[in-house]
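These entries record what I looked up, beginning with the pocket and going on to the aromatic rings.

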Amino acid sequence: MKDGWGEIDAFEGSCQCGACKYGVAAGEALQTVCHCRMCQRATGNAFAPLVAVKSDTVTWTGYAKTYASSNVAERGFCDECGTPLFYRRRNCDEIEFMVGTINTDFTYTPVRNHGIESRTGWILGLAGVAERETFFSDGETVTSHQYDHGG
């Protein structure tokens, strides 16, 4: 096994609206966090939690559109709802899924940080910040329009 790669169980994922769904067979995977500026922009976030798998272990239902974010890579997203789904280097047999798109119970244990030159300074202090569950103080009921994968 390559450095940092470990065995994982099969998992499934989707975009918000359910137009793009994928399944990944059990096998080798590399779990990382990327802090590079391109991942920040692609996710609209401070970092991208990723799970790399071999492309031949992936099956798709629906169509993910791609954008060539650089001369070496493309990023996949749902053309209907815009959910960022994956990162893929060109001429590589691996695909890296955004962890937030995984529907099934999945234990995410990153083994490496990438793109640390762009890591935001406040990330390291999050462990000491106060926490709370999601709620609305006015008591408004939230009805999700996201795809219900049955879980």
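Which residues lie nearest the centre of the largest pocket, and how many residues line it? I worked from a predicted model throughout. I found 16 lining residues, with C34, Y87, R89, E96 and H114 nearest the centre. I then asked which elements give two or more residues to this lining, and I noted β4 (27-34), α1 (37-43), β5 (48-54), β9 (84-89), β10 (94-98) and β11 (112-114). Strand β4 supplies the largest share, three residues.

For the volume of the largest pocket I recorded about 240 Å³. I sorted its lining residues by character and obtained nine nonpolar, two polar and five charged.

Next entry: aromatic rings. I searched the whole structure and found eight aromatic pairs. I looked more closely at W60 and F97, which form a tilted pair with 5.9 Å from centre to centre and 45 degrees between the planes. This pair joins distant parts of the chain, as W60 belongs to strand β6 (residues 58-61) and F97 to strand β10, 37 residues apart.

Are the two partners buried or exposed? I noted F97 as buried because its relative accessible area is 0%, under the 20% cut-off. I noted W60 as partly exposed because its value of 33% falls between 20% and 50%.

I also traced a cluster in which ring pairs link F11, Y22, W60, F86, F97 and F106.

Last entry: a charge over a ring. I located the charged end of K54 over the ring of W5, at 5.3 Å from the ring centre.

Key. Residues numbered from 1 in each chain as written. Predicted model: local features only at pLDDT ≥ 70, side-chain atom pairs only at ≥ 80, totals over all residues. Heavy atoms only, no water. 1 Å grid on protein atoms, 1.4 Å probe; cavity = no way out; pocket = protein on both sides within 12 Å on 5 of 7 lines; lining within 4 Å. Points joined across faces, edges and corners; volume = space filled by probe spheres on them. Helix = DSSP H or I, 4+ residues; strand = E, 2+ residues; numbered from the N terminus. Nonpolar A, V, L, I, M, F, W, Y, C, P; charged D, E, K, R; others polar. Phe/Tyr/Trp six-rings, centres within 6.5 Å; stacked < 30°, edge-to-face > 60°. Buried < 20%, exposed > 50% of the residue type's maximum accessible area, 1.4 Å probe, protein only. Lys NZ or Arg CZ within 6 Å of the ring centre and 35° of its normal.
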